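Okay, thanks for squeezing me in. I'd like to walk you through one structure, and you can stop me whenever you like.

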Amino acid sequence: MSTHIGSLLSRRKWILAVSGPVLIAAWWAFRPEKLWINQKVSEAAPFASSSDPQPLYTGRLEGKAHPTSGRATVYRSSDGLQYLRLTDFSTSNGPDVHVVLVRGDDKTLTQEIVTGQLDNVELGVLKGNQGEQNYDLPASVDLKKYNAVVIYCERFHAVFGVARLEQF
Amino acid sequence: MIHNVKRVLALAALALTFGLQAAVHAQDTAKTLETGTFHGKVHSTSGRATIYQEQGGKLVLRLTNFKTSNGPDVHVILIAAKDADDDANFLKSSTERVELGKLKGNEGDQNYEVPTGTDLTKFQTVSIYCERFNANFGAAPLEKF
């Protein structure tokens with residue numbers, strides 16, 4: 001009787017002795033508590049550039065009706081004004097080509113030729129079909145809503161290229 | 001006399017112009033080389049990765065608006081690939097990589113030094129990589145800024 005209880009106790013000890021390290025190893029490997037614990041950091045930029053224009057949004061241009069490439073970036077200068085800058089930019093030349101902002105979820109953007117009205121914010125006539133160039137943004141423009149840059153030929157309602165802007 | 005005054009004024013204007021130019025250049029301490037956004041659904045990773053070049057030539061990777069899931073032994077690495085899928089096992093498939101260090105935090109803005117001599121035309125993607133489970137939490141393909 002007593003030996004039976006003794007063996008039961010030692011079996012319990014064995015179970016504890018084995019399952020303890022196994023549990024600890026499993027915890028170490030998976031660290032499940034990290035699922036609920038966030039580790040937040042906030043390092044400063046590695047350089048001082050507060051007086052330089054700050055990039056707010058950026059995106060790559062993709063060709064639609066015509067091959068178009070480059071980068072579109074919205075900057076805010078130290079005086080608070082916002083402007084769009086095109087870099088490494090190239091598109092085809094054309095008549096009456098404009099730079100406009102449209103809503104990124106605008107269904108007309110799925111087409112190369114826009115049928116109907118394109119809800120847009122006009123930034124100006126395209127200054128050149130190649131090279132780096134800046135366009136002032138109206139102070140009132142809502143970049144959360146109008147978050148896509150379109151190179152748009154007004155005469156033929158052709159979308160030359162689109163850049164979807166994402167937060168920098 | 002008047003000639004001299006004019007000359008001095010001209011020189012002063014010249015000096016001022018160059019002086020101002022120098023000041024403007026001094027502020028311009030880092031160049032933005034490449035940037036990209038994170039994608040990763042399994043471990044919901046998001047934010048932006050940008051590589052800056054400081055004036056001395058040093059390369060720095062900066063993560064902004066960054067968020068991923070916390071986990072054990074998570075590292076920031078550059079891999080020699082155009083992009084990477086969620087949970088890609090690229091360390092096992094011997095994809096070349098450059099170690100940038102342990103992830104400092106699973107949220108927030110953070111900087112990592114990129115070893116000098118790193119070929120950015122080859123190492124095109126930033127990966128948040130859990131070494132213990134060979135899991136890619138998220139990847140950001142870099143493109144020219």
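I'll start with chain A, go on to the contact between the chains, and finish with the two sheets.

One thing up front: this is a predicted model, so please listen to everything with that in mind.

Right, chain A. There's one helix in chain A, along with 10 strands. If you read along the sequence, the helix comes at the start of the pattern, α-β-β-β-β-β-β-β-β-β-β. Now, what is the radius of gyration of chain A, and what would a compact globule of 168 residues have? For the globule you'd expect something near 15 Å, but chain A has 30 Å. The C-alpha trace of chain A spans about 100 × 40 × 25 Å along its principal axes.

The domain assignment goes with that picture. Chain A is divided into domain 1, residues 2-35, and domain 2, residues 54-167. Taken over C-alpha atoms, the centres of domain 1 of chain A and domain 2 of chain A are 64 Å apart. As for burial, 24% of the 168 residues of chain A count as buried. And if you take contacts in chain A between residues at least 6 apart in sequence, 61% of them join residues at least 24 apart.

Okay, on to the contact between the chains. How many residues does each chain put in? Chain A gives 25 residues and chain B gives 27. On the chain B side, the elements that each supply at least two residues are β1 (30-37), β2 (46-54), β3 (59-67), β6 (107-114) and β9 (143-144). The biggest giver to that side of chain B is β6(B), with five residues. Split by class, the side of chain B that touches chain A has 12 polar, 10 charged and five nonpolar residues.

Here's the part I'd ask you to zoom in on. Strand β1 of chain A, residues 40-42, pairs with β6(B) in the parallel sense, over three bridges. If you want a residue to click on, A:V41 has B:G108 as its bridge partner in β6(B).

That pairing belongs to a bigger arrangement. What is the strand order in this open sheet? There are six strands, and the order goes β1(A)-β6(B)-β3(B)-β2(B)-β1(B)-β9(B), with mixed pairing. At the edges you find β1 of chain A and β9 of chain B; each has a single partner strand, so one side of each is left without a neighbour in the sheet.

Let's step across it from the chain A end. After the pairing I just showed, β6(B) runs antiparallel to β3(B), with six bridges joining them. In there, B:L61 has B:Y112 in β6(B) as its bridge partner. Next over, β3(B) and β2(B) run antiparallel too, joined by seven bridges, and B:Q53 stands opposite B:L59 in β3(B). Those two strands make a hairpin with four residues between them, where B:G57 takes a positive phi near 100°. Then β2(B) pairs with β1(B), antiparallel over seven bridges. The pair to look for there is B:T37 opposite B:R48 in β2(B).

Last stop is the other sheet, in chain B. This one is open with four strands, in the order β5-β4-β7-β8, and the pairing is antiparallel. The edge strands are β5 and β8 (135-141) of chain B, each with a single partner strand, so one side of each has no neighbour in the sheet. From one strand to the next, the twist averages 25°. In the middle, β4 of chain B, residues 74-79, pairs with β7 of chain B, residues 125-130, antiparallel over six bridges. B:I77 stands opposite B:S127 in β7(B) there.

One residue to end on: B:G101, which is found in strand β5 of chain B, residues 97-102. Buried, exposed or partly exposed, what would you say for B:G101? B:G101 has 13 other C-beta atoms within 10 Å. Being buried takes 20 or more and being exposed takes 12 or fewer, so B:G101 comes out as partly exposed. Setting aside neighbours within four places in sequence, B:G101 is in contact with B:H75, B:V76 and B:Y112. You may remember B:Y112 as the bridge partner of B:L61 in β6(B). And B:G101 and B:N111 are 10 residues apart along the chain, with their C-alpha atoms separated by 10 Å.

That's my tour. Who wants to go first?

Conventions
Residues are numbered from 1 along each chain as its sequence is written. Chains are lettered from A and ligands numbered from 1 in the order in which they are written. This is a predicted model: local features need pLDDT of at least 70, side-chain atom pairs count only at pLDDT 80 or more; totals for chains, interfaces and linings use all residues. Two residues are in contact if their C-beta atoms, placed from the backbone, lie within 7 Å. Ala, Val, Leu, Ile, Met, Phe, Trp, Tyr, Cys and Pro count as nonpolar, Asp, Glu, Lys and Arg as charged, and the others, Gly among them, as polar. Two strands pair if DSSP finds at least two bridges between them. The radius of gyration is taken over C-alpha atoms; the globule rule is 2.2 Å times the number of residues to the power 0.38. Domain bounds come from an automatic or database domain assignment. Axes are lines fitted to C-alpha atoms, for helices over the stretch in contact, and angles run from 0 to 180 degrees between N-to-C directions.
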